[in-house]
Amino acid sequence: MTVGTAVGVVVGILILATIIGVVLRHGTGRARSASGTTKTSRLRADDLASVGDYGSAATLVQFSTPTCARCPATRRLLDAVADQHEGVRRLEVDLAEHPELARRFDVMQTPTVLLLDGSRTVRTRFGGPPRPPELAAALDAVLTAGSTDTSNTTGTQESR
């Protein structure tokens with residue numbers, strides 16, 4: 001292999017890695033509609049905590065690990081959002097203590113945040129730290145739907 005070919009291969013790999021990184025970064029923290037995904041639209045989280053730990057209107061469930069660098073900032077964001085809305089609470093699940101939940105809820109990165117409605121059905125999923133405007137919009141949609149009809153599970157969203 002010549003030096004020119006080696007440099008070309010290295011440059012090509014760097015460009016490919018950059019493109020992949022930009023694509024993955026673009027999707028982090030976003031909520032996307034997954035109403036066609038039956039696994040997510042019917043997924044319930046009744047047994048993550050005691051009944052009193054869930055919010056009456058909505059619950060923000062954060063999956064984290066002890067080594068997660070972005071989890072403390074996500075915890076502060078979710079606490080601030082929960083404090084602004086009556087009936088909204090935050091739960092944190094340590095995947096190091098409960099690894100079986102990573103498979104059950106398809107957690108591929110930490111933090112992963114699930115937004116549950118008042119009936120503890122997963123309505124929105126954020127892979128990575130949620131973007132504040134998208135978190136606010138998703139929470140408003142759940143709170144609005146919960147004030148009119150808590151049995152409606154359409155509009156489920158998912159992000160990875």
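The following dialogue examines a sheet and the nonpolar cores of a predicted model.

Student: What makes strand 3 and strand 5 edge strands of the open sheet?

Tutor: The sheet has four strands in the order 3-2-4-5, with mixed pairing. Strand 3 (88-94) and strand 5 (122-127) each pair on one side only, and are the edge strands. From one strand to the next, the twist averages 20 degrees.

Student: How do you know that strand 4 and strand 5 pair?

Tutor: Pairing requires at least two bridges. Five bridges join strand 4 (residues 112-117) to strand 5, and the two run antiparallel. Thr112 has Gly127 as its bridge partner, while Val113 stands opposite Phe126. Four residues lie between the strands in this hairpin, where Arg120 takes a positive phi near 65 degrees.

Student: Why is strand 5 called largely enclosed?

Tutor: A residue is buried under 20% relative accessible area. Six of the six residues of strand 5 are buried, so the strand is largely enclosed by the rest of the structure.

Student: Which residues touch the most other members of the largest nonpolar core?

Tutor: Leu48, Val61, Phe63, Leu101, Phe105, Leu114 and Leu116 do so, in a core of 14 residues. Strand 2 (58-64), strand 3 and strand 4 each supply at least two residues of this core. Another core, of 13 residues, lies apart from it and includes Ala58, Val81, Phe126 and Ala138.

Student: What is Leu114 in contact with, leaving aside its neighbours within four places in sequence?

Tutor: Contact requires heavy atoms within 4.5 Å. With those neighbours left aside, the contacts of Leu114 are Thr59, Leu60, Val61, Phe63, Phe105, Val122, Thr124 and Arg125.

Definitions and conventions: Residues numbered from 1 in each chain as written. Predicted model: local features only at pLDDT ≥ 70, side-chain atom pairs only at ≥ 80, totals over all residues. Heavy atoms only, no water. Axes fitted to C-alpha atoms, helices over the stretch in contact; angles between N-to-C directions. Buried < 20%, exposed > 50% of the residue type's maximum accessible area, 1.4 Å probe, protein only. Core = buried A, V, L, I, M, F, W, Y, C linked by side-chain atoms within 4.5 Å.
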